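Okay, thanks for coming, everyone. I'll take a few minutes to walk through one model, so have the viewer open and follow along.

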Amino acid sequence: MRGQDANRQPNMRLTAALLVTVAVILSACADRDRLTELTLRGDTMGTRYSVLLVDPLDELQLDTLRAEIQQRLNEIDALASTYGTTSELSRFNRNASTQPISVSAELCAMISSALAISQDTGGAFDITVGSLVNLWGFGPDLRTNEPPSSDELQRAHASTGFRKIEANCDLGTVRKSNSNIKVDLSGWAKGYAADQLAQLLGDAGQDNFLVEIGGEIRAQGVNAESMPFAIALESPKTESRTIPVIINLSNAGVATSGSYRNFFNHDGLSYSHAIDPRTGQAVTHPLLAVTVVHPSTAYADAIATALLILGSNDGLALANQLDIAAYFAISNSGGTDYIASDAFLAGKYLSQSDRR
Ligand code: ADP
Ligand code: MG
């Protein structure tokens with residue numbers, strides 16, 4: 001059986017693990033000319049996005065904002081999609097040169113920041129994981145419902161490793177030391193895009209809003225009641241949709257990586273789309289989901305992927321070492337256990353009744 005295998009879209013991300021949901025109230029017009037608290041919605045990166053605007057704005061401003069949001073998302077997709085064969089990233093991946101390759105300033109900055117996160121996480125987050133992601137059937141290539149052979153794994157693993165690429169953004173180049181390296185930015189592209197929209201909205205004079213892209217969320221300012229936005233974390237167990245916690249969020253991002261929405265079962269093991277770049281193996285451990293809160297949604301998204309790969313013990317240790325607010329949902333025989341890092345508990349993100 002495979003989770004979420006229907007209707008793959010030719011886009012950056014196959015799935016959106018919608019572990020995080022937001023209680024967004026669609027609202028109406030406060031008066032004839034000024035619109036307050038409304039939500040713009042659309043499609044991007046093979047998933048849905050929504051932008052909740054709290055500050056009043058008129059019809060014309062709204063139309064302009066709507067168009068600018070969609071355009072910025074299209075730009076990011078055209079830059080970083082591994083599904084669209086025409087994206088800049090796909091062209092970079094097809095380029096087999098081991099000489100410095102000229103790339104746009106934005107792609108260079110993304111690759112360079114991702115390499116720094118690889119350093120922070122001991123290589124658990126690694127954008128050179130593209131060949132392995134494809135091999136396991138979670139990329140743009142054909143799906144598979146069984147683990148690859150050890151020969152195939154060895155070959156794909158040989159072209160994986162963040163130390164095998166080098167970004168020199170002063171010169172606007174990225175160099176691969178192995179011509180088969182395939183970069184995959186999907187592990188943090190939604191969080192990155194959420195931050196980019198926050199920047200765009202701020203530049204447009206919006207102070208209070210909530211951006212959500214396929215489950216990754218960025219909150220700015222306060223909601224219509226002048227309170228932090230309340231983000232409900234969904235239970236990762238599909239049979240129960242009870243909400244275990246509410247996160248209070250303002251001027252920060254929250255991202256979740258999950259092993260239970262995009263996976264396949266084989267010989268009693270569940271293989272997730274999170275791939276351990278250090279071994280080449282798809283994650284099979286009982287950590288169901290990790291949620292990270294951080295001022296940068298992009299960073300939260302990347303770190304959530306890294307912590308999911310590390311598992312609950314090593315993941316919790318790294319979160320505490322890096323002072324990262326992280327919340328782990330771990331499967332046990334009877335249900336789900338939840339643990340939080342020190343920074344998560346200290347951050348007062350939880351509503352009082354949720355603290356445990
Ligand atoms: P989701 O939010 O959908 O749960 P993640 O943010 O965890 O997803 O990203 C998962 C995607 O990231 C995979 O589908 C794959 O494309 C890519 N990926 C898988 N393993 C890694 C890794 N170790 N480092 C970086 N990206 C990865
Ligand atoms: Mg991620």
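**A walk through the model**

So, the overall count is eight helices and 16 strands in this protein. Keep in mind that this is a predicted model. There are 356 residues, and 55% of them count as buried. If you take contacts between residues at least 6 apart in sequence, 65% of those join residues at least 24 apart.

Let's start with the inside. Which residues touch the most other members of the largest nonpolar core? Those are Leu-53, Ile-69, Trp-188 and Leu-307, out of 69 residues in that core. Helix 7, residues 297–322, gives the largest share of this core, with 13 residues. Apart from this core there's another one, of 24 residues, and its members include Val-54, Val-245, Tyr-327 and Ala-329. As background, nonpolar side chains tend to be buried together in soluble globular proteins.

Zoom in on Ile-69 for a second. Leaving out residues up to four places away in sequence, Ile-69 touches Leu-40, Tyr-49 and Val-51, and also Leu-197, Leu-200 and Leu-201.

Okay, next the metal. What coordinates the magnesium ion, ligand 2? You've got Gly-187 through O, Asp-301 through both O and OD, and Thr-305 through OG1, at 2.0 to 2.4 Å. Written as a sequence pattern, the donor residues are spaced G-x113-D-x3-T. Gly-187 and Thr-305 are 118 residues apart and link distant parts of the chain: Gly-187 is in the loop between strand 6 (173–176) and helix 6 (189–203), while Thr-305 is in helix 7. Thr-305 has a relative accessible area of 15%, and under 20% counts as buried, so Thr-305 is buried.

On to the disulfide. The structure holds one, and it joins Cys-108 to Cys-169, with an S to S distance of 2.2 Å. Here again the pair links distant parts of the chain, 61 residues apart: Cys-108 sits in helix 3 (residues 105–120), and Cys-169 is in the loop between strand 5 (165–168) and strand 6. Why do we call this disulfide left-handed? Because the torsion about the S-S bond of Cys-108 and Cys-169 is about -100°. Now look at the two ends: Cys-108 is buried, with a relative accessible area of 1%, whereas Cys-169 is partly exposed, at 37%.

Staying with those elements, let's look at the sheet that strands 5 and 6 belong to. It's an open sheet of three strands, order 4-6-5, with antiparallel pairing. Strand 4 (101–102) and strand 5 stand at the edges, and each has a single partner strand, so one side of each is left without a neighbour in the sheet. Strand 4 and strand 6 run antiparallel and are joined by two bridges. If you want a residue to click on, Ser-102 stands opposite Thr-173 in strand 6. Helix 3 packs on this sheet, where it touches strand 5 and strand 6, and its direction makes about 125° with that of strand 5.

Last region: strand 14 and what's around it. Is strand 14 largely enclosed or open? It's largely enclosed by the rest of the structure, because seven of its eight residues are buried. Strand 14 pairs with strand 11 (residues 252–258) in the antiparallel sense over six bridges. In that pairing, Val-254 stands opposite Val-293 in strand 14. Strand 14 also pairs with strand 15 (residues 325–332), again antiparallel and over six bridges, and there the bridge partner of Leu-287 is Ile-330.

Follow the chain on to Pro-295, which lies in the loop between strand 14 (287–294) and helix 7. Buried or exposed? Pro-295 is exposed, with a relative accessible area of 53%. Setting aside neighbours within four places in sequence, Pro-295 is in contact with Arg-218, Asn-251, Ala-252 and Gly-253. For the Ala-252 contact, the C-alpha atoms are separated by 4.1 Å, with the two positions 43 residues apart along the chain.

One more spot before I stop. Leu-233 is found in strand 9 (residues 229–233), and it counts as buried, at 5% relative accessibility. Leu-233 and Ile-247 are 14 residues apart in sequence, and C-alpha to C-alpha they are 7.5 Å apart in space.

That's my tour, so over to you.

Methods:
Residues numbered from 1 in each chain as written. Chains lettered and ligands numbered in written order. Predicted model: local features only at pLDDT ≥ 70, side-chain atom pairs only at ≥ 80, totals over all residues. Heavy atoms only, no water. Core = buried A, V, L, I, M, F, W, Y, C linked by side-chain atoms within 4.5 Å. Buried < 20%, exposed > 50% of the residue type's maximum accessible area, 1.4 Å probe, protein only. Helix = DSSP H or I, 4+ residues; strand = E, 2+ residues; numbered from the N terminus. Contact = heavy atoms within 4.5 Å. Donors = N, O, S within 2.8 Å, 3.2 Å for Na, K, Ca; no water. Disulfide = S-S within 2.5 Å. Pairing = 2+ DSSP bridges. Axes fitted to C-alpha atoms, helices over the stretch in contact; angles between N-to-C directions.
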